[in-house]
Amino acid sequence: MSLLRHRMGRPSALLLVEAALSLLVTSSAFVAVLPPASASAAVGGRADLYTMLDDSESNILSCSSNSTHCGWIDDGQNSVSITTMDEARLELFNYLSNNLMPYDVPIAQTLGYMPDNHNVHQIHVNEDGDKLSISRILSEDQHTTNTTIRAVDGLSDGIVNQTIYYSLQAKEIFPWTDIIPKSIYMEYVVPYAVVNEPRTDHRPLLFHALRDILKSYERRPNVEYHTIIAPEIKSSIVGMTNIEQTPSLLREQMKAAVKLINTHLWSIFGRRSNSDNNYPIAFKAGLTPRIYDPLSVIAYGHSSCTGLAILFIAALRSVGIPSRLAGTPAWNNDPEHGNHSWLEVYIPGDKVDGGGGEWIFLEPTPGIAEGREDTSTADDLDRNACDRWFCNAEHFDGKTQVFVTRYTKQREVDTMGSYFRMAWSDVDGDTGVPGEDRSDYYTRICGQCPH
């Protein structure tokens, strides 16, 4: 895997460089060279502009993805990096396989994983330049212990490959992905599952359906995009046809996209009658765990809070917006009081290392019919927390526990919140979904709200 990395330093005189990457790849070393300013910038039909600082080091201030390269903000390292899309595809595949949930182990090959794939270091595309599934590469080129894995019709293009492909499509198309730290994108955009719901190939369906309502936010072809990490230097960038974007602008775009999706998702996948009436996806209690994966919710046209939240999360992830499930297995720690699920969305901060970002919670707003989509109706990330029906001192009396989902495996499973409690599963016994305890946060925020 080749890597371009430059440390952020103190701002000084600006030098505009059209960057083309000369990638030097070895099997174990990560090396890349930045060519001189005179080098050609043509990459995959669209070049990215990297704004450099004339300092003792070459410091990148902006980083965006295109059809051949993927830009990342490196967590906690005050730096950005560039990889080829092929390298990014393999990295995402390795992340998913290394953090496989226990429910997926028996069906790993069906999902698109292959045995002993952790030692694979290279990935290729076919002669026509089309995407080539990692599983197919493994099946055609790699030998496992005592076994040669052969491509099987269907299995070589499993859910895993589709998920990775569309995760990187979102990086290429939507500018807000430029400011999402790499670890956040890996854990809260790339995974194909949220909890133990049935595994379905929902991402292509959601991605293509939502592109229509998000067209105005897409990168335009043949235009230079660069996300300016230091807004104070923005006015100094002149002389080229480009679009300059600051983190604050992209954050607002993310928030607007979340509200648009919460407004239109339910009618886009609503059920049509013979009279052409549209019946949007609606809330119906008591359906978890019978109807709670995205495709089942779409097929039936209804679900309870968990299924609606999982569909909303899947929709956001399909367009590169990090999100996760939140919920309590029992209000006031009493199962007789019921349970509830909602979601949180990650909005990045100002700093290049991802510092200052925050998780904001909201609820799905199902039941909005086609032709009656009013954005003032749908819940959004700027709404006062106390305006949500459950965010009050009655529900958060210091006894209610709230957990959020993760995907990265935790080293130890204990009673301190390292797994997600599922009310529909054995609360004390099923530790298969990594999680985090957010009880203190919700008690602090909602405990002060009147009921």
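The expected span of a helix is 1.5 Å times one less than its number of residues. I kept that rule at hand while going through this predicted model.

**Entry 1: helix lengths**

I tried the rule on H4 to begin with. Its 15 residues should cover 21 Å, and the end C-alpha atoms sit 21 Å apart, so the two agree. Then I did H1: 14 residues call for 20 Å, and the end C-alpha atoms are 20 Å apart, so that agrees as well.

**Entry 2: the chain overall**

I looked up the totals next. The protein chain has ten helices and 21 strands. Of its 451 residues, 57% count as buried. I also checked contacts with a separation of 6 or more: 65% of them join residues 24 or more positions apart.

**Entry 3: H1 against H4**

Two packed helices are described by the angle between their axes and the distance between the axes. For H1 (residues 85-98) and H4 (residues 159-173) I got an angle of about 130° and axes 10 Å apart. Oblique runs up to 145 degrees, where roughly antiparallel takes over, so H1 and H4 are oblique to each other. The crossing of H1 over H4 is right-handed.

Which residues of H1 and H4 meet? From H1 I noted Met 85, Ala 88, Arg 89, Leu 92, Phe 93 and Leu 96; from H4, Val 160, Ile 164, Ser 167, Leu 168 and Glu 172. Sorted by class, that contact has eight nonpolar, one polar and two charged residues. An α-helix has 3.6 residues a turn, so residues three or four places apart point the same way. I kept that in mind while reading the list.

**Entry 4: how covered are they?**

In H1, 11 of the 14 residues are buried, so the helix is largely enclosed by the rest of the structure. Among the buried ones are Arg 89, Phe 93 and Leu 96, and also Glu 87, Asn 94 and Tyr 95. H4 is mostly covered too, with 14 of its 15 residues buried.

**Entry 5: Pro 181**

Following the chain on from H4, I stopped at Pro 181, in the loop between H4 and helix H5 (182-188). Buried or exposed, I wondered about Pro 181? Its relative accessible area is 2%, so Pro 181 is buried. I then looked at Gly 357, which is 176 residues from Pro 181 along the chain; their C-alpha atoms are separated by 9.3 Å.

**Entry 6: H7 against H9**

I repeated the packing check on helix H7 (residues 247-268) and helix H9 (residues 305-318). Their axes come within 11 Å and cross at roughly 125°, and H7 and H9 are therefore oblique to each other. H7 passes H9 with a right-handed crossing. On the H7 side I listed Val 258, Ile 261, Asn 262, Leu 265 and Trp 266; they meet Leu 308, Leu 311, Phe 312, Ala 315 and Leu 316 of H9. The class count for this contact is nine nonpolar, one polar and no charged residues.

**Entry 7: backbone oddities**

Most residues other than glycine have a negative phi, and most peptide bonds are trans. I went looking for exceptions. The bond from Thr 288 to Pro 289 is cis, with omega near 10°. Pro 289 lies in the loop between strand E15 (282-283) and helix H8 (294-300).

Where is Asn 332? I found it in the loop between strand E17 (323-328) and strand E18 (340-347). Asn 332 has a positive phi of about 55°, and it is buried, at 15% relative accessible area. Asn 333, also in the loop between E17 and E18, has a positive phi of about 60°.

Notes. Residues numbered from 1 in each chain as written. Predicted model: local features only at pLDDT ≥ 70, side-chain atom pairs only at ≥ 80, totals over all residues. Heavy atoms only, no water. Axes fitted to C-alpha atoms, helices over the stretch in contact; angles between N-to-C directions. Helix = DSSP H or I, 4+ residues; strand = E, 2+ residues; numbered from the N terminus. Parallel < 35°, antiparallel > 145°, perpendicular 65-115°, else oblique. Left-handed = near helix turned anticlockwise from the far one by under 90°. Contact = heavy atoms within 4.5 Å. Nonpolar A, V, L, I, M, F, W, Y, C, P; charged D, E, K, R; others polar. Buried < 20%, exposed > 50% of the residue type's maximum accessible area, 1.4 Å probe, protein only.
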